[in-house]
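These notebook entries record what I looked up on charged pairs, disulfides and one unpaired charge. The structure comes before the entries.

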Amino acid sequence: MKLLWAVSALLLSCWRANASTAGFIKSPLSQMKLIDDSAELHCEVIGNPIPEVQWWFVEGEEPNETFTQLFDGARDDRVHINATYIAHATSTIHLTSLALNDSGTYECRASNDPDRNELKKTPKIKWIRSQANIIVIETPNIITDPSEVSNQTSAVLSCNLTESSLPIKGSHWTHNGKVIDESKSTNTAPFTTLHLEKITHSSGGKYECVFLTEPQVKQTIEVKTLPHVAAYKHSEHGNERDKGVMVCVSHGYPLPTDWTWFKEEDGTQRPIINGTSEKYEIKSTPNKTILTINDLSIESDIGDYFCSGTNDLGTATDKIHLRVRSRLAALWPFLGIVAEVIILVTIIFIYEKRRKPDEINDDDDSGSAPLKSNSNANHKDKNVRQRNSN
């Protein structure tokens, strides 16, 4: 019995030991960031039961340091915390729009002690901790030349990183967030250029020069072009009394801020105003516009329509021709098939009717032939008998 009690006590002590054990399997890493950048810290903890994870901000130095717990939505909603507790505990804190006063020590705490939130006991006994530093620095100055490109056929973009002590490992350029492979360089110089030999609507957009420092520093140059407007289909078809839909899209940078539709009447373009009647409905986004015509009419809706997109640099237009078919138009193919069948049946009927008398005559001729052959045979037999008698 004493042995049984001893084993039970040993198992209970082992269970309590396991229940109070928590350990980090991933700790947050220190980072250096620029003003207005974002930072993300991540930690993962195991234990049984699954530990609770908290984030704290540490200010000052020992013994005068102060601790402030961070919650989701803190610092004017610039702090966001996501946590999951499935196989083990994971937690991520995301800091946006960083400022200089966001620099400091961030602490990931974890505990599965049932009394971990008891204020009468010293917290250091119940919580394990892992810390990381976030250092926010002023953004180095990058001088761009030109600061903006507007409606040009070619350009040379350049960036000059000044007043920075950050080591440079290289540089590259991006176009609308995509790295331009030809621009990658391992040159440690604080100067980089990009040649745009031919600027079209597809090459317009935001270009960024990126210096490979820690953290990376970059600056943007906008290359603006006239809008490029194109009809999705240059010829559209619709049935009478149905809806007709015409679509135009735009490419380039910047995208149109205003879309307009016109209908050509007697050599002039009449603007179509959205909402003036139930006849027309226009829906537009920066890169697309859709004109819907309700209750199509053969008399009034057939013709040429023009979509026009306008941005800060100018206007571009494209044309769509609308054809309206009668509601009976769909019956014509069916009626054509019926007519072909009737004609074919008639031809077969006439052919069969004209063919029957010929077939009857052929049958009569074939029936008399055996009679003729029998007569000849009888005549030969008669001659043979006459010779024998002689």
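**Entry 1: Lysine 279 and its partner**

I began with lysine 279, which is partly exposed at a relative accessible area of 22%; I call a residue buried under 20% relative accessible area, exposed over 50%, and partly exposed in between (1.4 Å probe, protein chains only). The model is predicted, so local features need pLDDT of at least 70 and side-chain atom pairs count only at pLDDT 80 or more, while totals for chains, interfaces and linings use all residues. Residues are numbered from 1 along each chain as its sequence is written, and side-chain values use heavy atoms, with hydrogens and water left out.

I then asked which residue forms a salt bridge with lysine 279. The partner is aspartate 301, and the closest N and O atoms are 2.7 Å apart. For a salt bridge I required a side-chain nitrogen of Lys or Arg within 4 Å of a carboxyl oxygen of Asp or Glu. This pair links distant parts of the chain, 22 residues apart. I placed lysine 279 in the loop between strand 22 (268–272) and strand 23 (280–285), and aspartate 301 in the loop between strand 24 (288–293) and strand 25 (303–311). Strands here are DSSP runs (E, at least two residues), numbered from the N terminus. Aspartate 301 is buried, with a relative accessible area of 1%.

**Entry 2: Other salt bridges**

I counted 11 salt bridges by this rule. One of them joins the side chains of glutamate 148 and lysine 224, at 3.5 Å from N to O. Glutamate 148 lies in strand 11 (residues 148–150) and lysine 224 in strand 17 (residues 217–224), so I noted a link between distant parts of the chain, 76 residues apart. Glutamate 148 counts as partly exposed at 36% relative accessibility, whereas lysine 224 is buried at 15%.

I next looked up aspartate 181 and lysine 184, whose side chains meet in a salt bridge at 3.7 Å, N to O. Are these two residues buried or exposed? Aspartate 181 is exposed, with a relative accessible area of 53%, and lysine 184 is exposed, with 54%.

I also recorded a network of salt bridges that links Arg75, Arg78 and Asp102.

**Entry 3: Disulfides**

I searched the whole structure for disulfides (pairs of cysteine sulfur atoms within 2.5 Å). The search finds three.

I started with cysteine 43 and cysteine 108, which are joined at an S to S distance of 2.0 Å. The torsion about their S-S bond is about 50°, so I entered this disulfide as right-handed. Cysteine 43 sits in strand 3 (residues 39–47) and cysteine 108 in strand 8 (residues 104–111), so the bond ties together parts that are 65 residues apart in sequence. Cysteine 43 is buried, with a relative accessible area of 0%, and cysteine 108 counts as buried at 0% relative accessibility.

I went on to cysteine 159 and cysteine 209, whose sulfur atoms are 2.0 Å apart in a disulfide. I entered this link as left-handed, with -90° about the S-S bond. Cysteine 159 belongs to strand 12 (residues 155–162) and cysteine 209 to strand 16 (residues 205–211), so parts 50 residues apart in sequence are tied together. Both cysteine 159 and cysteine 209 are buried.

I then examined cysteine 248 and cysteine 307, which form a disulfide with sulfur atoms 1.9 Å apart. This link is left-handed, with -80° about the S-S bond. Cysteine 248 is in strand 20 (residues 244–251) and cysteine 307 in strand 25, so the pair ties together parts 59 residues apart in sequence. Cysteine 248 counts as buried at 0% relative accessibility, and cysteine 307 counts as buried at 0% as well.

How are the bonded cysteines of the protein chain paired when numbered in sequence order? I recorded the pairing as 1-2, 3-4, 5-6.

**Entry 4: Glutamate 236**

I closed with glutamate 236, which I placed in strand 19 (residues 235–239). Glutamate 236 is buried yet has no salt bridge. Which side chain of opposite charge is nearest to glutamate 236? I found lysine 233, 4.8 Å away; for charge, Lys and Arg count as positive and Asp and Glu as negative, and His and the chain ends are not counted.

I listed the contacts of glutamate 236 (heavy atoms within 4.5 Å), leaving aside neighbours within four places in sequence. Glutamate 236 is in contact with Val245, Met246, Ile320, His321, Leu322 and Arg323.

Terms used: Helix = DSSP H or I, 4+ residues; strand = E, 2+ residues; numbered from the N terminus.
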